[in-house]
Amino acid sequence: MQIKPLKIGNITLHNNVFCAPLAGYTNYAFRRLCKGYGAGLCYSEMVSAKGLKYGSENTQQLLFTDEQEGLAAAQIFGSEPDVLRAACEHEKLQPFPIVDINMGCPVPKIYKNGEGSALLDNPALAEKIVKECVKSGKIITVKMRIGLQESKLITAEFAKRMAGAGASLITVHGRTKDKVYAGEVNYKEIAAAKRAVDIPVIANGGVFSDEDAQRLLLETGADGVMVARAALFDPQIFCDLTGGARESKLEMFNKQTAWTKQTCDERFATVFLRKMAAFYLKGERGAAAYKDRLFRAQTTDEVSAIAKEMWGQK
Ligand SMILES: Cc1cc2nc3c(=O)[nH]c(=O)nc-3n(C[C@H](O)[C@H](O)[C@H](O)COP(=O)(O)O)c2cc1C
């Protein structure tokens with residue numbers, strides 16, 4: 001795809017290929033991995049603004065970053081403008097100069113609280129949230145969908161209002177809330193958002209290869225792409241998109257293991273790394289038997305030993 005630097009607020013990213021926020025996955029280790037493979041910007045998984053306020057989120061795991069990761073972005077969700085602004089100003093978010101507001105999450109618990117994708121149906125509140133968060137001094141970005149359902153697509157109008165409220169970049173996931181993660185990506189709606197605003201628009205949805213990324217850019221005229229599920233199975237997709245060299249799965253997994261252990265306790269790290277190793281096995285011969293063994297592993301050392309067996313010769 002066409003790689004180019006991208007300016008968001010006063011920050012210039014070295015490229016326009018983003019790693020999406022993925023709840024349960026885009027922790028420090030995963031983001032650092034994707035960044036190393038070429039992603040220009042990686043978002044944390046979504047963090048509850050209220051949770052931050054009441055100290056109830058496991059923020060050590062969710063919001064750890066350091067110099068090795070470099071520039072990092074956080075994503076928060078909520079519905080109360082003052083609570084979201086307080087989250088932006090919270091010390092835990094201090095290392096993140098870019099903060100994204102989630103306006104796309106379809107999960108019922110979130111939606112019913114008026115958060116995530118529910119904001120698509122309440123542009124006045126969404127606007128207030130952005131205006132309030134901008135006052136924190138953070139660079140505010142918005143991740144939205146094209147609407148709640150196909151009969152009511154709101155992309156261009158909504159994007160315009162978010163830009164008017166002070167957002168520095170908008171990511172458009174080209175599906176409605178009702179479609180969750182399935183179905184065609186609506187290129188036309190993303191293109192309409194791009195035409196409606198003069199801040200960068202990032203297109204998201206269905207990028208599983210460099211060809212997919214090229215098509216998405218061509219059809220939408222967007223300034224860059226965001227990759228989500230493909231990165232879960234293959235973080236080195238960012239090498240393909242940015243022209244970097246791949247490394248072996250074992251090298252990749254060893255890095256991820258070391259960095260995960262840096263921020264997560266042994267129990268969490270074991271469960272997380274088992275899950276990741278199983279993703280990376282997708283399409284490989286003998287995957288079922290290895291997965292079976294992985295899910296019985298009780299320590300990170302056991303997971304590492306199985307990974308060495310799986311990928312040591314490749
Ligand atoms: C497991 C999972 C977790 C996700 N978590 C988040 C999240 O925390 N915040 C968010 O804005 N989107 C989240 N998404 C949506 C993705 O960021 C992305 O918009 C969506 O998967 C479409 O991109 P794709 O077709 O490349 O997968 C999640 C998606 C998946 C599959």
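A residue counts as near the ligand if one of its heavy atoms lies within 4 Å of it; the model discussed here is predicted.

Q: Which residues come nearest to the ligand?
A: The ligand has 17 residues around it, and by class this shell holds eight nonpolar, six polar and three charged residues. Of the 17, those that come nearest are Ala 23, Gln 75, Asn 204, Gly 206 and Arg 229.

Q: Which residue has a side-chain N or O atom 3.3 Å from an oxygen atom of the ligand?
A: A polar contact needs a pair of N or O atoms within 3.5 Å. Through the backbone, an N or O atom of Pro 21 lies 2.9 Å from a ligand oxygen, and one of Ala 228 lies 3.1 Å from a ligand oxygen. The side-chain atom at 3.3 Å from an oxygen of the ligand belongs to Asn 102.

Q: How much of the area that the ligand exposes when taken alone does the protein bury?
A: The ligand occupies the space of the largest pocket. Taken alone, the ligand exposes 610 Å², and the part of this that the protein buries is 89%.

Q: What is the radius of gyration of the protein chain?
A: The chain comes to 15 helices and 10 strands, and its C-alpha trace spans about 55 × 45 × 35 Å along the principal axes. Because a compact globule of 314 residues would have a radius of gyration near 20 Å, the value for this chain agrees with that expectation, at 19 Å.

Note on methods. Residues are numbered from 1 along each chain as its sequence is written. This is a predicted model: local features need pLDDT of at least 70, side-chain atom pairs count only at pLDDT 80 or more; totals for chains, interfaces and linings use all residues. Side-chain values use heavy atoms; hydrogens and water are left out. A polar contact is a pair of N or O atoms within 3.5 Å; within protein, one must be able to donate a hydrogen and the other to accept it, and residues adjacent in sequence count only if both atoms are side-chain atoms. Accessible areas come from the Shrake-Rupley method with a 1.4 Å probe; for residues, only the protein chains shown count as cover. On a 1 Å grid over the protein atoms alone, a cavity is a set of points where a 1.4 Å probe fits but cannot get out, and a pocket is an open set with protein on both sides within 12 Å along at least five of seven lines; lining residues have an atom within 4 Å of a point. A molecule sits in a cavity or pocket if more than half of its atoms lie within 2 Å of its grid points. Ala, Val, Leu, Ile, Met, Phe, Trp, Tyr, Cys and Pro count as nonpolar, Asp, Glu, Lys and Arg as charged, and the others, Gly among them, as polar. Helices (H or I, at least four residues) and strands (E, at least two) are DSSP runs, numbered from the N terminus. The radius of gyration is taken over C-alpha atoms; the globule rule is 2.2 Å times the number of residues to the power 0.38.
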